[in-house]
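Okay, thanks for having me, everyone. I'd like to walk you through a structure that's probably new to most of you, so let me put it up on the screen.

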Amino acid sequence: GGNGGNGKERTLAMIKPDGVSGNYTEEIKRIIVEASFDIAKEMLTQLDKETASAFYDEHSSRSFFPDLVTYMTSGPVLVMILEKTNAVSDWRGLIGPTDAQKAKISHPHSIRALCGTDLQRNCVHGSDSRSSAEREIKFFFEDVVSGDIASQHDEL
Ligand code: RTP
Ligand code: MG
C-alpha cells in the first residue's frame, strides 16, 4: 500500500552524493524532523551505474542523463522513507526548485538553497508524485535490487 498502515503518506527522499560528502546529513535530518516527518527507514548506499540509471529511467533520453548518472554514482547517498500527511508535496516544497542556483534566490530557506550548487548538483531528491513515491520506495526497499543494496547496510 501507499502508506505505513497509519493513514499517513510516504515519500522517497535522498541525500545525493554532494550532500553526503559535504556533511549536510545531520542538518538535513534535523530539518526533516522539525518539519514533522518521521524517518520510517533509511539506508546509506553507493549507487552503481545500473541502479542510478534505473532509478532515473524517466530521464534516460535526456542530454543530461550521462552526467546525471556520473553525479549520482560519485559517492554514497542516504535514501530515506519519510512519513507524514501530505509527505510527497510537503517534501518537494521543503527541498525547493531543481536548480539550486535559482533556489538560493527564490527559495532561500529551502534545502537545495542550503546545500545545492546548480541545476545538476542539487543535494537532495524527492518523489514528484504519489505514484513516483510508491515506485521509488519499492525500488530501494521492497524490490530484489534493494535486497542486494540493503544487505550491505543496516536499516533502521
Ligand atoms: P529529483 O528527481 O532528483 O528530485 O529532481 P527534480 O525532480 O527536481 O528534477 P528532475 O527533472 O527529475 O531531474 C532529475 C535530476 O537530474 C539532474 N538534472 N540535470 N543539467 C541539467 O539540465 C539537469 N536537469 C536535471 C538534477 O540532479 C535533477 O535533480
Ligand atoms: Mg524528479
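Let's start in the sheet: strand β2, residues 38–45, runs antiparallel to β3, and seven bridges join the two. If you want one pair to look for, L44 has L78 in β3 as its bridge partner. And before I go any further, please keep in mind that this is a predicted model.

Now, β3 has another partner. β1 and β3 also pair in the antiparallel sense, over seven bridges. A pair to look for there is A13, whose bridge partner in β3 is M80.

So how enclosed is strand β3 by the rest of the structure? Largely, because six of the eight residues in β3, which covers 77–84, are buried.

Let me zoom out for a second. The protein chain has nine helices and four strands. Reading from the N terminus, the order of elements is β-α-α-β-α-α-β-α-α-α-β-α-α. The chain has 156 residues, and 35% of them are buried. And if you take the contacts in the chain with a separation of 6 or more, 67% of those are between residues 24 or more positions apart.

Okay, on to the core. In soluble globular proteins, nonpolar side chains tend to be buried together. Here, the largest nonpolar core has 37 residues, and the members that touch the most others are M14, L82, I111 and V124. Which element gives this core its largest share? That's β3, with six residues. Take L82 as an example: leaving out residues up to four places away in sequence, L82 touches R10, T11, A13, I32, F37, I39, A87 and W91.

Next, the ligand. Around ligand 1 you'll find H59, F64, L68, T98, L119, Q120, N122, H125, G126 and D128. What's the mix of nonpolar, polar and charged residues in that shell? It comes out as three nonpolar, six polar and one charged.

One name in that shell deserves a stop, and that's H125. UniProt, in an unreviewed entry, lists H125 under "active site". H125 sits in strand β4, residues 124–126. Is H125 buried or exposed? It's buried, because 22 other C-beta atoms lie within 10 Å. Not counting its neighbours within four places in sequence, H125 is in contact with A13, M14 and K16.

K16 takes us to another annotation. The unreviewed UniProt entry has a "binding site" annotation that covers K16, F64, R92, T98, R112 and N122. I'll pick two of these.

First up is K16, which is in the loop between β1, residues 9–15, and α1, residues 17–21. You might wonder why a lysine in a loop counts as buried: K16 does because it has 25 other C-beta atoms within 10 Å. Beyond residues up to four places away in sequence, K16 touches M72, V77, C123, V124 and H125.

Then there's R112, over in helix α7. With 26 C-beta neighbours inside 10 Å, R112 is buried too. Setting aside neighbours within four places in sequence, its contacts are I95, G96, P97, A100, A103, N122, C123 and V124. N122 in that list is also covered by the "binding site" annotation.

While we're in α7, which spans residues 111–115, have a look at L114. It counts as buried, because 20 other C-beta atoms lie within 10 Å, and 20 is the cut-off for buried. Where does L114 sit relative to D90, 24 residues apart along the chain? Their C-alpha atoms are separated by 17 Å.

Last stop: a couple of backbone oddities. N23 has a positive phi, near 65 degrees, and it isn't a glycine. You'll find N23 in the loop between α1 and α2, the latter being residues 25–34. N23 counts as exposed, since it has 9 C-beta neighbours inside 10 Å.

S36 is another one, with a positive phi of about 70 degrees although it is not a glycine. It's in the loop between α2 and β2. And S36 is exposed as well, with 11 other C-beta atoms within 10 Å.

That's the tour. Happy to go back to any of these spots on the screen.

Methods: Residues numbered from 1 in each chain as written. Chains lettered and ligands numbered in written order. Predicted model: local features only at pLDDT ≥ 70, side-chain atom pairs only at ≥ 80, totals over all residues. Near = placed C-beta within 6 Å. Nonpolar A, V, L, I, M, F, W, Y, C, P; charged D, E, K, R; others polar. Buried ≥ 20, exposed ≤ 12 C-beta atoms within 10 Å, placed from the backbone. Contact = placed C-beta atoms within 7 Å. UniProt positions renumbered as here; feature names shortened; annotations may be inferred. Pairing = 2+ DSSP bridges. Core = buried A, V, L, I, M, F, W, Y, C linked by C-beta atoms within 7 Å.
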